[in-house]
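Let's take a friendly walk through a protein model together. Have the sequence and the 3D view ready, and look up each residue as it comes along.

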Amino acid sequence: MTEPTEPPVTEGRPRARDVAFRVAAIGVVAAVLWLLFTRLVSWSDVTAALRQLTAGDWVLLVAVSGFRLAVEPLLLMAATPNLRWPRAVPGYLAPTAAAVVVPGPSDLVARYAMFRSWGYSGPQTSASVVLVLLYTTFAKVALPLLAAAVLLAYDSAVAQVGTVAMIAAGVLVSGVIMLALLLRSDATARRLGHAAGIAARRVASVFRVSSPDTLAADLSERAARFRDRTGDVVRARTHLAAGAAFAGQAALFGILLVSVRGVGIGPEQLDWLSIFAAFALVQLITTIPITPSGLGVAETAYVVLLSSEGSGDLAGPVAAAALIYRVFSWLVIVPLGAFAWSVWNWRRRTLPPAPNGAG
């Protein structure tokens with residue numbers, strides 16, 4: 001994992017490659033959603049399932065999504081010393097909304113702007129971004145392991161998650177070992193960075209992609225800086241960051257579970273263990289940014305996984321549940337993030353800047 005640097009402020013048109021990437025991403029999302037709602041499910045079945053939701057279901061969805069929005073900033077607080085709740089909430093909402101609206105590093109631009117106005121330096125902000133990404137990824141990778149353990153505890157079949165759980169275990173253990181080695185000493189961090197640079201240059205040469213001659217030295221220096229900036233936070237706050245990351249994942253699962261039950265799929269058709277197993281696999285899949293926020297890919301995966309596990313024709317109701325889940329876990333952040341950005345921008349213009357690193 002490379003350490004992000006402070007995004008430069010650029011002017012003029014975006015580069016052609018960025019435009020092409022965004023157009024391609026939108027095209028992939030449109031194609032996947034078209035296939036989902038024209039080939040895998042019937043739209044009439046989806047709308048019929050949506051009518052099943054009662055007022056109580058909507059209230060419960062709002063409550064669970066509100067809990068999720070309350071716990072997500074805790075990870076940002078754990079990864080950023082001296083960051084307090086009033087700033088952690090907009091610091092989470094505004095960048096996340098920016099990433100939803102504008103694919104690419106727009107969330108980094110928003111986060112840097114906000115953190116710098118609060119007195120954090122570029123290196124401090126970079127460390128916070130890296131740690132949030134690190135713990136969120138670890139939590140997603142660990143979910144299939146947790147799903148397999150829960151299924152075993154309830155004597156349920158683990159075929160759908162067994163192989164994935166073994167792969168996730170290898171990735172998770174490797175990641176923890178690499179992180180421990182990075183934090184062990186400055187010399188070890190530099191050696192790991194140097195080795196990563198050499199490996200990256202060899203891979204680039206195989207695919208005939210040019211790479212800087214100083215890549216190994218650059219990564220060695222980056223690894224050392226990563227250790228310097230994040231070592232103390234990781235050692236002192238790992239338990240808080242890990243707990244916050246898993247709390248966020250638990251809240252997301254709660255939204256999915258309420259959505260599935262709200263469209264009329266009862267426990268006799270699809271138990272919560274199968275829903276959790278599917279959730280774990282989809283969260284792992286969406287760690288790879290195939291489309292922005294996994295849009296289209298996640299919905300299709302839920303339809304395929306949950307329809308095959310449940311009894312009866314569940315494709316339509318599952319697709320409806322996936323849409324509801326997407327609204328309350330993803331789309332709702334856009335207006336909230338826009339409001340948070342507006343409030344921050346107003347306060348930035350009217351209040352004096354904060355001292356360095358003040359939360």
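L133 is partly exposed, with a relative accessible area of 46%; here buried means under 20% relative accessible area, exposed means over 50%, and partly exposed lies in between, using a 1.4 Å probe and protein chains only. You will find L133 in helix α6. Helices (H or I, at least four residues) and strands (E, at least two) are DSSP runs, numbered from the N terminus. Although L133 and A245 are 112 residues apart along the chain, their C-alpha atoms are separated by 9.9 Å.

A word on the model itself: it is predicted, so local features need pLDDT of at least 70 and side-chain atom pairs count only at pLDDT 80 or more, while totals for chains, interfaces and linings use all residues. Residues are numbered from 1 along each chain as its sequence is written, and side-chain values use heavy atoms, with hydrogens and water left out.

**The overall picture**

The protein chain has 13 helices and 0 strands. Of its 359 residues, 45% are buried.

**How helices pack**

Helix α6 covers residues 122-153, and it packs with α10 at an angle of about 160°, their axes 8 Å apart. Therefore α6 is roughly antiparallel to α10. Axes are lines fitted to C-alpha atoms, for helices over the stretch in contact, and angles run from 0 to 180 degrees between N-to-C directions. Angles under 35 degrees count as roughly parallel, over 145 as roughly antiparallel, 65 to 115 as roughly perpendicular, and the rest as oblique. The crossing of α6 and α10 is left-handed. A crossing gets that name if the near helix is turned anticlockwise from the far one by less than a right angle, and it is right-handed if clockwise.

Now turn to α3 and α12, whose axes come within 10 Å and cross at roughly 40°. These two helices, α3 and α12, are therefore oblique to each other. Their crossing, α3 with α12, is right-handed.

**Salt bridges**

Side chains of opposite charge can pair when their charged atoms come close. A salt bridge is a side-chain nitrogen of Lys or Arg within 4 Å of a carboxyl oxygen of Asp or Glu. By this rule the count comes to 3 salt bridges, listed here with the distance between the closest N and O atoms.

| Pair | Closest N and O atoms |
|---|---|
| E72 and R68 | 3.2 Å |
| R190 and D186 | 2.9 Å |
| R326 and E299 | 2.6 Å |

Where does the salt bridge between R326 and E299 reach? R326 lies in helix α12 (residues 315-331) and E299 in helix α11, so the pair ties together parts that are 27 residues apart in sequence. R326 is buried, at a relative accessible area of 10%, and E299 is buried too, at 3% relative accessibility.

E72 and R68 both sit in helix α3 (residues 55-79), 4 residues apart, about one turn of the helix. Are E72 and R68 buried or exposed? Both E72 and R68 are buried.

The pair of R190 and D186 belongs to helix α8 (residues 186-206), where being 4 residues apart puts about one helical turn between them. R190 is partly exposed, with a relative accessible area of 31%, and D186 is partly exposed at 28%.

**A loop residue with a positive phi**

Most residues other than glycine have a negative phi, and most peptide bonds are trans. Phi of N82 is near 70°, a positive value in a residue other than glycine. N82 lies in the loop between α3 and α4 (85-101), and at 42% relative accessibility N82 counts as partly exposed.

**Out at the surface**

H239 is in helix α9 (residues 215-262) and is exposed, with a relative accessible area of 58%. How far apart in space are H239 and A78, C-alpha to C-alpha? They are 9.0 Å apart, with their positions 161 residues apart in sequence.

Finally, I285, I288 and I290 make a nonpolar surface patch of about 280 Å². Patches are made of residues with over 30% relative accessible area and no salt bridge; like charges are joined within 9 Å, and nonpolar side chains (Val, Leu, Ile, Met, Phe, Trp, Tyr) within 5 Å. Accessible areas come from the Shrake-Rupley method with a 1.4 Å probe, and for residues only the protein chains shown count as cover. One member of the patch, I290, is found in the loop between α10 (272-285) and α11 (297-309).
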